[in-house]
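Q: I am new to this structure and should like to learn how to read its cysteines and its nonpolar cores. Where should one begin?

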Amino acid sequence: MDWRALMQPHRIVLMALFAAFVIWCAVSLRWDWIPTYAPLALEGLWRTIWLLAVTCVLGFLLAVPLGLAQAIGPWYLSAPAKVFCTVIRGTPILLQIWLLYYGLGSLFPQIPWIRGSELWPYLRQAWPYAVLALTLSYAGYEGEIMRGAFASVRKGQLEAAQSFGMPRFTMFRRIWLPQAIRSVLPTLGGETILQLKATPLVATITVVEIYAVSSRIRADTFVVYEPLLLLALIYLIIAGIITLIFRRIELQVPAR
């Protein structure tokens with residue numbers, strides 16, 4: 001750590017102001033509700049992290065073929081992929097969540113074979129629609145980013161691999177995909193943080209994550225600012241962890 005840079009006057013002033021704000025919050029605000037709602041808050045925090053991890057992984061797995069289809073696919077693959085990414089990126093995610101939950105959620109009960117299937121106990125809940133909406137949203141944004149990443153890989157490397165007789169899938173796995181991912185890592189970290197900030201929207205369809213817990217605390221105790229301040233701190237900590245993880249990955253992944 002560079003202590004000389006850390007001890008610059010403007011940073012000392014900012015740290016002092018932050019410490020004073022923390023002390024004021026601890027002394028002046030009301031925190032007696034924390035022991036009562038701590039178990040519910042931990043459950044909501046776990047659900048937020050679970051939603052973030054699952055939807056980012058599934059969304060990225062879907063974004064890779066979407067980007068590849070737009071980069072080199074024939075028109076009957078590239079056109080639907082382009083339309084999908086355009087629609088997802090051009091409409092609010094809240095609208096997408098409502099369309100899936102109130103649309104499919106209202107359609108499925110009218111189909112007898114779905115109501116009689118083993119999936120019905122899950123489809124009647126809200127969380128599958130939240131996972132689907134967040135996954136599609138992440139895939140739509142990352143699909144467009146991966147399109148540019150695939151197109152940015154130098155063609156000479158791919159041509160050299162083909163000239164040595166390397167199979168297409170091996171070339172994709174060992175050359176094309178790693179270099180594309182390496183080029184989008186900073187953007188991928190930013191999109192993951194944006195995905196974190198989109199998770200509170202699932203509270204509108206009764207999924208109880210950390211934001212929904214804070215809303216319940218405000219409704220039960222009439223304490224307004226304290227739950228929101230604690231919620232902001234939780235999101236800041238998670239976003240900081242995501243940033244550190246991606247920076248560490250960027251340092252470990254070799255440059256082109």
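A: Begin with a cut-off: a disulfide is a pair of cysteine sulfur atoms within 2.5 Å. Please bear in mind that this is a predicted model.

Q: How many disulfides does a search of the whole structure find?

A: The search finds zero disulfides.

Q: Why is there no bond between the sulfur of Cys-56 and the closest cysteine sulfur?

A: The closest cysteine sulfur to that of Cys-56 belongs to Cys-85 and lies 16 Å away, which is too far for a bond. For Cys-85, in turn, the closest cysteine sulfur is that of Cys-56, again at 16 Å.

Q: Is Cys-56 buried or exposed?

A: Buried means under 20% relative accessible area. Cys-56 has a relative accessibility of 10%, so it counts as buried. Cys-85, with a relative accessible area of 1%, is buried as well.

Q: How many residues does the largest nonpolar core have, and which have the most contacts inside it?

A: A nonpolar core joins buried residues of certain kinds through side-chain atoms within 4.5 Å. Here the largest one has 26 residues, and Met-146, Phe-150, Leu-196 and Ile-242 have the most contacts inside it. At least two of its residues come from each of α3 (34–72), α8 (127–152), α10 (168–198) and α12 (225–252). The largest share, nine residues, is supplied by α10.

Q: Which residues does Ile-242 touch?

A: Leaving aside residues up to four places away in sequence, Ile-242 touches Leu-52, Gly-189, Thr-192, Ile-193 and Leu-196. Apart from this core lies another, of 13 residues, including Ile-93, Ala-133, Ala-198 and Ile-205.

Methods: Residues are numbered from 1 along each chain as its sequence is written. This is a predicted model: local features need pLDDT of at least 70, side-chain atom pairs count only at pLDDT 80 or more; totals for chains, interfaces and linings use all residues. Side-chain values use heavy atoms; hydrogens and water are left out. Buried means under 20% relative accessible area, exposed over 50%, partly exposed in between (1.4 Å probe, protein chains only). Helices (H or I, at least four residues) and strands (E, at least two) are DSSP runs, numbered from the N terminus. Contact means heavy atoms within 4.5 Å.
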